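Let's take a friendly walk through this structure, going from one residue's surroundings out to the parts around it. Keep the 3D view open as you read.

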Amino acid sequence: MIRLAVLSDLHANLEATLAVHADVQRRGISEIWVLGDLVGKGPRPREVVEWTQAHAARVIQGNWDARVAGATNRPQDLWPRSKLTPEQLSYLAGLPYGIEEQFGGAWWRFVHASSKGLFHRLYPHSSLSEQLEAYAPNPQFGLKAQADALVYADVHETLMLDVEGRPLINTGSVGNPLDSTLPSYLILEFDPQSPAHSATFVRLTYNRDAEIAAAEASGMPFTREYIAELLTGAYQKRRARTGE
């Protein structure tokens with residue numbers, strides 16, 4: 001069997017990333033793929049990029065990776081940018097858009113947000129026509145195959161749907177889950193001799209108190225919102241505050 005641990009949306013949360021890595025190792029899975037958003041939101045972007053470079057076999061770009069690497073200049077982009085080395089910023093900027101691989105004769109596509117762009121979201125409630133379009137080729141982003149299955153991230157919610165016979169799977173988030181307070185990652189298993197596969201979500205606890213302490217000591221913007229998301233699993237809109 002081919003076994004992959006598919007992680008996404010680490011968001012500079014080192015404690016959650018290390019807890020997931022320990023679980024992957026315990027299960028004897030040697031192949032780790034990361035579907036973007038290594039940085040942003042959390043307090044330790046440099047350490048999480050270093051971990052990814054050391055341990056992930058395949059990595060694609062997320063929308064926050066592009067923003068921090070220079071696509072936008074919000075306060076939440078500038079702070080992690082200041083913590084990363086020029087080489088790390090070049091690494092984030094140069095990450096590929098997606099991955100297309102055949103497993104058991106079926107084309108599997110892995111992207112961060114959707115097949116249409118880093119800032120185009122595919123939601124669980126998106127229309128059937130929009131979901132079906134997500135499997136179509138998009139040469140602009142190097143997506144050349146008509147996909148038989150799609151694995152993505154970005155919305156921070158685990159998802160497993162059947163779209164007219166095509167798997168649609170969202171990994172959930174390691175560092176910033178918004179459907180739970182527990183990190184999530186995906187294990188995919190493929191039979192090389194057939195189109196059979198299995199998909200398993202893993203949830204686990206981690207040292208959240210240590211992550212909160214790192215955030216409080218970091219001086220990063222929107223610390224309050226980040227901690228609230230870790231504690232509640234509910235999205236907190238980030239608005240610039242004055243007089244603080």
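Start at Leu38 in this predicted model. Setting aside neighbours within four places in sequence, Leu38 touches Leu10, His11 and Ala12, then Val48, Val49 and Thr52, and also Val59, Asp65, Tyr91 and Leu92.

Leu38 also belongs to something bigger: along with Leu7, Ile32, Val34 and Tyr185, Leu38 is among the residues with the most contacts inside the largest nonpolar core, which has 36 residues. Which elements give two or more residues to this core? They are strand 1 (2-7), strand 2 (32-34) and strand 9 (184-190), together with helix 1 (14-26), helix 2 (45-55), helix 5 (86-93), helix 7 (208-218) and helix 8 (223-232). The top contributor is helix 1, with five residues. There is also a second, separate core, made of 17 residues, and Leu4, Leu35, Ile169 and Phe190 are included in it.

Helix 1 deserves a visit of its own. At its start, a side-chain oxygen of Asn13 comes to within 3.4 Å of the backbone nitrogen of Glu15. Does the length of the helix come out as expected or not? Helix 1 has 13 residues, so at 1.5 Å a residue it should span 18 Å, and the end C-alpha atoms are indeed 18 Å apart. Along the helix, the buried residues are Leu14, Ala16, Thr17, Ala19, Val20, His21, Asp23 and Val24. The partners that these buried residues pack against include strand 1, strand 2, helix 2 and strand 9, as well as strand 10 (197-203) and helix 7. Just after the helix, Gly28 adopts a positive phi of about 75°.

Now turn to the aromatic rings, which form six pairs in this structure. One of these pairs is Trp33 with Phe110, an edge-to-face arrangement with 4.9 Å from centre to centre and 70° between the planes. Trp33 sits in strand 2 and Phe110 in strand 5 (residues 106-111), so their pairing ties together parts that are 77 residues apart in sequence. Trp33 and Phe110 are both buried. They also belong to one aromatic cluster, together with Phe103, Trp108 and Phe190.

Finally, look for charges over rings. The charged end of Arg58 sits over the ring of Trp33, 5.2 Å from the ring's centre. Elsewhere, Arg74 lies over the face of Trp64, at 4.7 Å from the ring centre.

Definitions and conventions:
Residues numbered from 1 in each chain as written. Predicted model: local features only at pLDDT ≥ 70, side-chain atom pairs only at ≥ 80, totals over all residues. Heavy atoms only, no water. Core = buried A, V, L, I, M, F, W, Y, C linked by side-chain atoms within 4.5 Å. Buried < 20%, exposed > 50% of the residue type's maximum accessible area, 1.4 Å probe, protein only. Helix = DSSP H or I, 4+ residues; strand = E, 2+ residues; numbered from the N terminus. Contact = heavy atoms within 4.5 Å. Expected span 1.5 Å × (residues − 1). Polar contact = N/O pair within 3.5 Å; in protein donor to acceptor, adjacent residues only side chain to side chain. Phe/Tyr/Trp six-rings, centres within 6.5 Å; stacked < 30°, edge-to-face > 60°. Lys NZ or Arg CZ within 6 Å of the ring centre and 35° of its normal.
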